[in-house]
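Got the viewer open? Let's walk through this one stop at a time, selecting as we go.

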Amino acid sequence: MDTVEQVVDIKTADGPMATPTSRPTDGGTHPGVIVIMEAFGVNPNIEGIVQRFASEGYVAAAPDLFHRSGRLRYAPYDKLQEMREDLRSGGFSDASIDMDVQAAIDYLRSDPNVGAIGIVGFCLGGRVSMQSAIRASGLSAAAVYYGGGFFPRGDHPHTLHPPPGAEGASTPALREAEALSIPVMGFFGEDDQNPSPEQVKELDERLTALGKEHAFHSYAGAGHGFVCDDRASHNAEAAADSWAKTLAFFGERLR
């Protein structure tokens with residue numbers, strides 16, 4: 001399907017948020033997908049995922065959650081540690097994430113050619129997708145890829161620092177799971193430690209106990225970041241299977 005790409009500036013209380021978008025050129029109505037970046041930022045890999053969704057018939061948008069530190073800045077894969085605090089300067093927190101994701105959802109909702117909206121995220125974005133599935137308004141489904149920071153550790157570069165007095169506490173994935181009201185599909189690597197298979201099992205059991213609609217898929221031989229073909233951790237088989245499952249999930253829930 002032919003697509004058209006554009007970077008739009010979405011208004012937030014902290015200034016404009018650059019958001020690469022892609023959509024089919026046929027002029028029809030299509031479901032929307034919010035694509036949430038990895039900890040590196042909105043880089044060419046994330047923009048490529050936006051375009052892949054558009055080629056499958058979605059209006060896709062990737063909000064730059066680091067926009068307070070500059071426009072569409074991102075870290076090379078080997079520079080995350082040294083750039084992490086710089087990218088998050090100007091304010092980066094659960095509150096800013098909630099604000100930015102809601103702004104992106106509202107932008108798509110204001111488009112008469114956008115129908116139901118889903119969210120998908122990778123690494124840090126997987127954590128954000130789960131948080132947004134719980135907190136945001138206007139979503140119909142969420143796909144979560146190896147959500148870095150579900151179980152915060154202060155020493156991990158992909159993790160948001162827990163709030164004061166909550167060192168080691170879980171993010172909303174566990175803390176606020178009771179408020180989840182949309183279906184979630186999750187994809188994890190059995191060789192990952194952020195989250196580890198044991199932590200994925202804990203979250204799975206928590207959602208099951210609450211009666212929340214979800215399905216988790218784990219891949220043997222896959223580690224953190226297995227979807228990204230620009231990283232050494234890429235696992236082609238796991239990436240292809242999870243992509244097909246995501247399209248089927250969104251096809252059922254958003255169309």
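How many aromatic pairs does the structure hold? There are 14 in this predicted model. Start with one of them: select phenylalanine 40 and tyrosine 77. Their ring centres are 4.8 Å apart and the planes meet at 80 degrees, so this pair counts as edge-to-face. Phenylalanine 40 belongs to the loop between S3 and H1, while tyrosine 77 belongs to the loop between S4 and H2, so the pair ties together parts that are 37 residues apart in sequence. Now switch on a surface. Phenylalanine 40 is buried, at 3% relative accessibility, whereas tyrosine 77 is partly exposed, at 30%.

Still on rings, select Phe122, Tyr145, Tyr146, Phe187, Tyr219 and Phe226: ring pairs link these into a cluster.

Next come two arginines. Pick arginine 52 and tryptophan 243, and you'll find the charged end of the arginine over the tryptophan ring, 3.9 Å from its centre. Then go to arginine 255, which lies over the face of tyrosine 58, 4.5 Å from the ring centre.

**Helix H1**

Select residues 44-55. That's helix H1, with twelve residues. From first C-alpha to last it reaches 16 Å, close to the 16 Å expected at 1.5 Å a residue. Which residues of H1 are buried? Colour Asn45, Ile46, Ile49, Val50, Phe53 and Ala54 and you have them. An α-helix has 3.6 residues a turn, so residues three or four places apart point the same way. To see what covers those buried residues, bring up S1, S2, strand S3 (30-36), S4, S5 and helix H7 (236-254), which are included in the cover. Just past the helix, stop at glycine 57: it follows H1 and has a positive phi, near 100 degrees.

**The S1–S2 hairpin**

Now show residues 3-10 (strand S1) and 17-24 (strand S2). These two pair in the antiparallel sense, over eight bridges. For a landmark, label valine 8 in the viewer and look across to threonine 19 in S2, which stands opposite. The two strands form a hairpin with six residues between them. In that turn, click on glycine 15, where phi is positive at about 105 degrees.

**Backbone oddities**

Where do positive phi values turn up in residues other than glycine? One place is leucine 72, with phi near 50 degrees. Leucine 72 is found in the loop between strand S4 (59-61) and helix H2 (80-87), and it is partly exposed, with a relative accessible area of 22%. Another is cysteine 123, at about 65 degrees. Look for cysteine 123 in the loop between strand S5 (114-122) and helix H4 (124-135). Is cysteine 123 buried or exposed? It is buried, at 0% relative accessibility.

One more backbone stop: zoom to asparagine 194 and proline 195. The peptide bond joining them is cis, with omega near 10 degrees. Proline 195 sits in the loop between strand S7 (184-189) and helix H6 (197-209).

**Zoom out**

Finally, show the whole chain as a cartoon. You should find seven helices and eight strands. The radius of gyration is 17 Å, close to the 18 Å that the globule rule gives for 255 residues, so the chain is as compact as a globular protein of that length. Along its principal axes, the C-alpha trace spans about 45 × 40 × 35 Å. Colour by accessibility, and buried residues make up 56% of the 255. For a contact map, take contacts with a separation of 6 or more: 71% of them are between residues 24 or more positions apart.

Key:
Residues are numbered from 1 along each chain as its sequence is written. This is a predicted model: local features need pLDDT of at least 70, side-chain atom pairs count only at pLDDT 80 or more; totals for chains, interfaces and linings use all residues. Side-chain values use heavy atoms; hydrogens and water are left out. Two strands pair if DSSP finds at least two bridges between them. Helices (H or I, at least four residues) and strands (E, at least two) are DSSP runs, numbered from the N terminus. Buried means under 20% relative accessible area, exposed over 50%, partly exposed in between (1.4 Å probe, protein chains only). The expected span of a helix is 1.5 Å times one less than its number of residues. Contact means heavy atoms within 4.5 Å. Rings of Phe, Tyr and Trp (its six-membered ring) pair if their centres lie within 6.5 Å; planes under 30 degrees apart count as stacked, over 60 as edge-to-face and the rest as tilted. A charge sits over a ring if NZ of Lys or CZ of Arg is within 6 Å of the ring centre and within 35 degrees of the ring normal. The radius of gyration is taken over C-alpha atoms; the globule rule is 2.2 Å times the number of residues to the power 0.38.
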